[in-house]
Each structure stands twice: as structure tokens, then as C-alpha cells.
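Colleague: Hi! Could you walk me through this model while I have it open?
Modeller: Sure, let's have a look together.

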Amino acid sequence: MNTYTPHPPMVTLWNRIHQPHRDLVIALIAIACVFFASAQLDLSEKFTHWALSHETLQLDEFPLVLFSAALVSIWFSRRRMREVMEQAHLRIAAERTSQQSQRMFKSLFDQGLCGNFVADFEGNILLCNSAFSSMCGRSEATLNLRQALGPQWDEYCTQLQQVGKIDIAELKVTRPDGAPWIVMARLTQVSDQAPTTDQSPTSDTPSPTTSGSNIHGFFADVTEQHLAERELAILFKENQSLARHAMRVQEEERRNIAREIHDEMGQYLTAIRLDVATLPKDKSAPHAAIALRISSHVEHIQQAVRGLIHKLRPTALDAHGLVEAVEQLVKDWKKQHPQVSFALSLDQSCQSMPEKTSIAAYRIVQESLTNIARHARAQHVSIKLMRTRGILADTLSIEIRDDGIGFNTYSPRAGFGVSGMRERIEAEGGVFTIQSQGKGVLVSASIPLQTALAVIQESI
């Protein structure tokens with residue numbers, strides 16, 4: 001059993017004195033001891049007596065020389081002490097700054113939202129922050145990146161030795177618990193020591209060695225974002241399919257309704273007009289005025305029915321083709337807007353087109369003219385239909401341009417006209433664009449037609 005032995009009071013007081021003060025006390029004690037010893041032994045008198053016997057050597061001046069040397073030594077020692085103290089203060093300040101920087105960078109490393117880690121080239125995790133630990137399911141001790149990434153890890157290590165830094169937009173990692181883990185990553189090679197090279201002329205490996213190098217990694221977890229984007233992409237495709245199916249059903253229903261109206265109502269209206277025509281022509285007969293009004297009403301209804309049928313399904317499109325249907329559409333539109341001038345450039349080779357392509361192109365022109373009438377306040381409109389011959393496929397190009405007030409193409413729009421046009425074109429595998437440079441609007445679309453390979457297959 002150890003027992004505590006208290007220090008004497010003098011030892012305790014001595015331990016409380018700072019080291020410079022202790023040295024000063026020791027020096028004073030040494031001087032005092034020399035003084036008392038010299039006084040007791042009469043050293044100075046003996047030295048003076050001996051020096052007088054050798055007057056030619058001027059030895060009596062030796063004490064003054066020693067005193068001067070002592071003063072110079074004291075002066076140099078004090079100056080050196082001040083330099084040492086200044087250097088000590090500078091080192092203390094630098095150490096405090098280094099510690100502060102170390103704490104700051106450690107806080108950045110530990111508190112960052114990204115997963116930061118240090119790994120060796122074998123894939124072992126040497127150091128990581130809490131964010132990385134949370135990302136990998138608190139299993140960083142058992143996580144090995146070589147096992148988690150497979151052959152990709154060796155490829156990344158090879159690239160790091162060449163370029164030093166790799167950015168990976170999407171990296172799929174297998175966590176130890178098997179959960180999905182998708183990250184944006186940056187990997188950098190950091191050497192703990194200066195790279196060593198063999199400078200001998202016969203060396204076969206002059207490149208820096210990777211010994212003492214580690215890999216610093218930064219992982220940003222985008223697993224939820226990736227899953228959400230994938231789900232949104234699936235929903236977007238489903239909505240596109242639904243919208244395109246709705247458009248096909250709508251066109252089919254329009255055609256059926258137009259046919260039924262034409263077949264059913266048209267026949268009855270024609271029969272009524274024939275019955276009215278069989279009535280006597282005598283104007284004095286009491287039923288003559290009634291017959292005339294009936295004939296006028298029937299003619300008005302027939303015109304309204306023809307207009308309705310044309311809106312539902314233009315007969316010229318099925319009977320004559322795309323070019324004549326567009327010409328008839330523009331002709332009817334000009335009757336309602338006579339102040340607007342038109343420039344038509346219609347390629348006659350566009351007359352015979354597949355039914356779906358003809359309907360899509362016609363609806364684009366129709367919707368564009370509707371928007372011009374509602375919003376543009378234009379004075380001139382140009383429409384171009386052109387078929388471009390290609391090696392593998394032909395392309396139908398559509399351009400509708402006006403000189404109206406234009407609009408901001410980046411601002412949200414309340415209607416669905418532009419979205420409907422884009423959906424129609426993209427449903428046919430085409431490209432739709434709309435441009436407005438502050439004045440006027442350019443609507444352009446391109447629809448791929450039958451490919452050369454399909455033509456060859458059909459001919460066979």
C-alpha cells in the first residue's frame with residue numbers, strides 16, 4: 001500500500017517558482033558562494049601578489065577582462081533568450097491556429113450532409129463521418145467498397161492513379177444489409193507522403209508509387225430522388241400513353257359521330273326538302289308560306305350540319321388528302337378573318353399521307369389558326385407543308401408563322417392547345433417546337449414518314 005508523503009514547505013515553494021526565476025536564483029547563489037569562498041581564502045590578494053611578480057605580462061588586468069567577458073556573455077544570453085521566447089510565442093500561436101483549423105475541418109468533415117470517408121485501395125473504410133455511417137446502414141466497419149462495387153472499384157482505382165479525381169453522376173452500391181444505395185460520388189487520390197520516383201537512368205518505374213496513398217470519397221445519397229424520378233418517369237409514360245389513347249379514341253369518335261350525323265340527319269333533311277318541293281307552287285295557297293319557311297329552315301340546318309361535320313371530321317381529308325383539306329380549312333378561316341393575308345406553300349407530294357400522319361398535321365394547322373384568331377392579332381400568316389426525302393426515311397415538315405404580338409414561351413399557359421399539339425407530334429415519333437422572339441410566333445413540327453427499309457419489305 002502506497003502512502004502519501006507531503007513535501008516540505010521549501011520544496012513546495014521552489015516548485016511554484018517559474019524556471020527562468022529558478023535559474024536566476026541559482027546564478028545568484030553561485031555568485032554568493034564564490035564571493036564568500038574568495039573572501040575566506042583571500043583569493044584576490046593572492047592573485048594580485050602573484051600578478052605583481054609578473055608585471056611584464058600585465059596579469060593584473062585579467063580580472064577586468066573576465067568581468068567584461070561576463071557582461072558580454074550576459075548580454076548575448078539575454079538577447080538569445082528573447083529570440084527563443086519570441087519563437088516560442090510564434091510556435092504557440094501557430095499551434096493554436098493549427099488546432100483551431102483542425103477543429104474546424106473536423107467539424108466540416110463530421111457535420112457535412114455528404115458522406116465523407118477515407119479508404120485504402122483494397123476498399124476498406126479507414127475513416128468516415130456520421131452521414132456516411134447513416135447512408136451505409138451503420139455498417140461501415142463491415143463495408144468493403146471492392147465487394148460493394150465489384151469490378152468497377154478496380155477500374156476507378158486505375159483511373160485515380162492516372163487522373164487523381166473522378167466524378168460519378170450515378171453510382172449503384174450494394175450495402176452490407178442488401179438495401180439499395182444510389183449516390184453521386186467523387187473519388188480523389190491523396191498521398192500521405194511525397195511521391196517517390198527512381199531517378200536512376202536504368203529505372204523501369206519512374207512514375208510515383210501508390211504506397212502511402214488513400215482514397216478520399218464524397219457520397220451524396222440520391223436513392224430516394226432516383227426512385228422518385230423513376231416512378232415519375234413511369235407515371236409520365238403512362239400519362240403519355242393515356243393521352244395518346246384518348247386522342248385516338250377522340251378522333252375515332254369524331255369520325256363515327258360525323259358519319260352518323262351525315263347518314264342519319266342528312267337523309268331526313270333531304271327527305272323533308274323533297275317533300276316540301278312536292279307541294280303545289282301556288283303562292284295564294286295557305287300552306288305556301290309555311291312550305292317556304294320550312295325549306296329555308298331545312299337549308300339552314302343542312303349548312304349547320306355540314307359545318308359541324310367539317311369540324312368533327314373534315315370530309316376533304318378523307319376524300320382528297322391533306323393538301324386540299326388544309327386549303328379548305330384556310331379558305332373557311334379567311335371568310336371569318338378577311339383582314340388577315342395568307343401565304344401558302346403546300347408540297348403536292350404531301351397529298352397522300354398515312355391517315356394518322358394526315359390527322360396529326362391537319363390538327364396542328366387547325367389549332368395554330370385557332371390560337372392566331374384568339375390571341376395573336378396578326379396581319380399575315382404563312383403555312384408551309386413540305387416533304388423532305390431522306391436515305392432511310394422521309395420527313396413531313398410543318399411551319400405556321402404569324403406576325404402577331406407573340407408570347408413568352410417560358411411562362412406557364414392555362415390552356416392545353418400547345419400541349420395537345422406537342423403530344424400529337426410526339427405520338428407519331430416527331431419533334432415539335434414553338435418559338436416567339438417578342439413578336440410573332442413560329443410553330444414547327446417534323447414527322448418521320450415510312451422508312452426505306454419498310455418500303456423494301458412491303459415491295460418484297
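Colleague: Which residues in H12 meet which ones in H13?
Modeller: This is a predicted model, so keep that in mind throughout. On the H12 side they are Ile-359, Ala-360, Arg-363, Ile-364, Glu-367, Ser-368 and Asn-371, and in H13 they meet Gly-417, Met-421, Arg-424 and Ile-425.

Colleague: And how do the residues of that contact divide into nonpolar, polar and charged?
Modeller: There are 5 nonpolar, 3 polar and 3 charged residues in the contact of H12 with H13.

Colleague: At what angle do H12 and H13 pack, and how far apart are their axes?
Modeller: H12 covers residues 355-376 and H13 covers residues 417-427; they pack at about 165°, with 10 Å between the axes. Angles over 145 degrees count as roughly antiparallel, so H12 and H13 are roughly antiparallel to each other.

Colleague: Left-handed or right-handed crossing?
Modeller: H12 passes H13 in a left-handed crossing.

Colleague: Let's stay on H12. Is Arg-363 buried or exposed?
Modeller: Arg-363, which is found in helix H12, has a relative accessible area of 6%. Buried means under 20%, so Arg-363 is buried.

Colleague: What does Arg-363 touch, leaving out residues up to four places away in sequence?
Modeller: Arg-363 touches Glu-251, Arg-254, Lys-311, Leu-312 and Arg-424. Arg-424 is also one of the H13 residues in the contact with H12.

Colleague: What about Gln-366, which residues does that one touch?
Modeller: Gln-366 lies in H12 too. Not counting residues up to four places away in sequence, Gln-366 touches Lys-311 and Leu-329. Lys-311 is 55 residues from Gln-366 along the chain, and their C-alpha atoms are separated by 9.7 Å.

Colleague: Switching to the sheet: in what order do the 5 strands come?
Modeller: The order is S2-S1-S5-S4-S3, in an open sheet with antiparallel pairing. S2 (125-128) and S3 (165-174) are the edge strands, each pairing on one side only. Neighbouring strands are turned by 30° against each other on average, direction ignored.

Colleague: How many bridges do S3 and S4 pair over?
Modeller: S3 and S4 (residues 180-191) pair over 8 bridges, in the antiparallel sense. One pair to look at is Leu-171, whose bridge partner in S4 is Val-183.

Colleague: Which helix packs on the sheet and touches S3, S4 and S5?
Modeller: That is H7 (residues 151-163), and its direction makes about 170° with that of S3. H8 (residues 223-277) also lies across S3, S4 and S5, running at about 135° to S4.

Colleague: Now backbone angles. What is phi for Arg-138?
Modeller: Arg-138 has a positive phi of about 60°, although it is not a glycine. Its place is in the loop between H5 (130-135) and H6 (145-149). Arg-138 is exposed, with a relative accessible area of 58%.

Colleague: And where is Arg-377?
Modeller: Arg-377 sits in the loop between H12 and S7 (380-388). Its phi is near 55°, again a positive value in a residue other than glycine. Arg-377 counts as exposed, at 66% relative accessibility.

Colleague: To finish, how many helices and strands does the protein chain have?
Modeller: The protein chain has 14 helices and 10 strands. Of its 460 residues, 28% are buried. Among the contacts with a separation of 6 or more, 60% are between residues 24 or more positions apart.

Technical notes
Residues are numbered from 1 along each chain as its sequence is written. This is a predicted model: local features need pLDDT of at least 70, side-chain atom pairs count only at pLDDT 80 or more; totals for chains, interfaces and linings use all residues. Side-chain values use heavy atoms; hydrogens and water are left out. Axes are lines fitted to C-alpha atoms, for helices over the stretch in contact, and angles run from 0 to 180 degrees between N-to-C directions. Helices (H or I, at least four residues) and strands (E, at least two) are DSSP runs, numbered from the N terminus. Angles under 35 degrees count as roughly parallel, over 145 as roughly antiparallel, 65 to 115 as roughly perpendicular and the rest as oblique. A crossing is left-handed if the near helix is turned anticlockwise from the far one by less than a right angle, and right-handed if clockwise. Contact means heavy atoms within 4.5 Å. Ala, Val, Leu, Ile, Met, Phe, Trp, Tyr, Cys and Pro count as nonpolar, Asp, Glu, Lys and Arg as charged, and the others, Gly among them, as polar. Two strands pair if DSSP finds at least two bridges between them. Buried means under 20% relative accessible area, exposed over 50%, partly exposed in between (1.4 Å probe, protein chains only).
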